[in-house]
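Student: I have a model open and many labels to make sense of. Can we go through them one by one?

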Amino acid sequence: MATPVGVGAAVAGAAVVALLSAALALYGPSLDAVLKRAFSLHKAHSIKDMENTFQLVRNIVPPLTTKKHKGQDGRIGIVGGCQEYTGAPYFAAISALKVGADLSHVFCTREAAPVIKSYSPELIVHPVLDSPDAVREVEKWLPRLHALVVGPGLGRDDALLENVKGILEASKARAIPVVIDADGLWLIAQQPLLVQGYEKAVLTPNYVEFSRLFEAVLREPLDSSDRRGAVLRLSQALGNVTVVQKGEQDVISDGKQVLECNLQGSNRRCGGQGDLLSGSLGVMVHWALHAGSEKTDGFSPLLVAAFGACSLTRQCNHQAFQKHGRSTTTTDMIAEVGPAFSRLFET
């Protein structure tokens, strides 16, 4: 028969376990715990090496200070959004703001504009993408933007794709960094010369999009058994354009180096997660280029930016899944951007 002391100790022990569990759920794992499931560079690295990799991203994050004016930490443009797809450009644009951009613009079709405006008053929405003067309308904003994210919610309408082609050419002429995702990648698979040799471009394909790009550019079937090698080769074939192949692990290459992001996410695969990645990457690309290679220890600034955006997206995914499980949506993940960013890059 249990004694009162034994029963009291058991109850107290259970209470402590419950309290610790609640604290972990509320505050999340320590950075050390995050590191243990984090990154590798081609081969297994120690916790110290992984901490150094996080530090590269921390190096490009601009400090918050009262001495700045609106716009200095990022003015990002999202090119996409049509009648059928209004969520994707919203997710990308709001993610850019949540990560730390000061202003976020969406260049979409006329029908999509009022819907996207209704999602948030914080976005600047331009209903011009299906206009006959779309390229000129977007081009006049380019001097005010630090980076473009092209593709979220774009669709494959021929007229829209032709306008986006012109917008990409105008952006390259001004040396504006571009992140290309979704149906923007479909356009690149049809016309790879649009980004050939443009080292301020970052492509973010999933498995299907990567296979399409690889076969279009290298004219051979993809060997999926060597992901690192395939990503390296595609980047090299495009003239050292940075490529992020999303997957169970994200593989990133600028044609010279290969990084792999192994940070734990979740098993949830709802739509919109790629838009969180592309929006956050747009901001980090600007930060990394502004910081320069001296802050990235010899790595390409775009490589470090991609590394940071992949890790942030995965951490948001992980934290949201801990709270919501099977019902997790991208909206839940975006709500985790602030805490996830702080845990990874501000501790």
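Tutor: We take salt bridges, burial, a helix and the cores in turn. This is a predicted model, where local features need pLDDT of at least 70, side-chain atom pairs count only at pLDDT 80 or more, and totals for chains, interfaces and linings use all residues. Residues are numbered from 1 along each chain as its sequence is written, and side-chain values use heavy atoms, with hydrogens and water left out.

Student: What makes Asp-73 and Lys-68 a salt bridge?

Tutor: The definition asks for a side-chain nitrogen of Lys or Arg within 4 Å of a carboxyl oxygen of Asp or Glu. Here the N to O distance is 2.8 Å. The pair therefore qualifies. The whole structure holds 11 salt bridges.

Student: Why is Asp-73 called buried?

Tutor: Buried means under 20% relative accessible area, exposed means over 50%, and partly exposed lies in between (1.4 Å probe, protein chains only). Asp-73 has 8%, so it counts as buried. Its partner Lys-68 has 27%, so Lys-68 is partly exposed.

Student: How do you know that Glu-137 and Arg-136 form a salt bridge?

Tutor: Their closest N and O atoms are 3.8 Å apart. That is within 4 Å, so the pair counts. Arg-136 is partly exposed, at 49% relative accessibility.

Student: What do Lys-246 and Asp-181 tie together?

Tutor: Their side chains meet in a salt bridge at 3.3 Å, N to O. Lys-246 lies in the loop between strand 8 (242–245) and strand 9 (250–253), and Asp-181 in the loop between strand 6 (178–180) and helix 8 (183–190), so the pair ties together parts that are 65 residues apart in sequence. Helices (H or I, at least four residues) and strands (E, at least two) are DSSP runs, numbered from the N terminus. Both Lys-246 and Asp-181 are buried.

Student: Why is helix 11 described as largely enclosed?

Tutor: Of its 19 residues, 17 are buried, so the rest of the structure largely encloses helix 11. Just after helix 11, Gly-292 has a positive phi of about 90°.

Student: What makes a set of residues a nonpolar core?

Tutor: The members are buried Ala, Val, Leu, Ile, Met, Phe, Trp, Tyr and Cys residues, joined through side-chain atoms within 4.5 Å. The largest such core has 61 residues, and Leu-123 and Leu-312 touch the most other members. Helix 12 (residues 301–324) gives the most to this core, with 11 residues. Another core lies apart from it, with 45 residues, including Leu-129 and Val-258.
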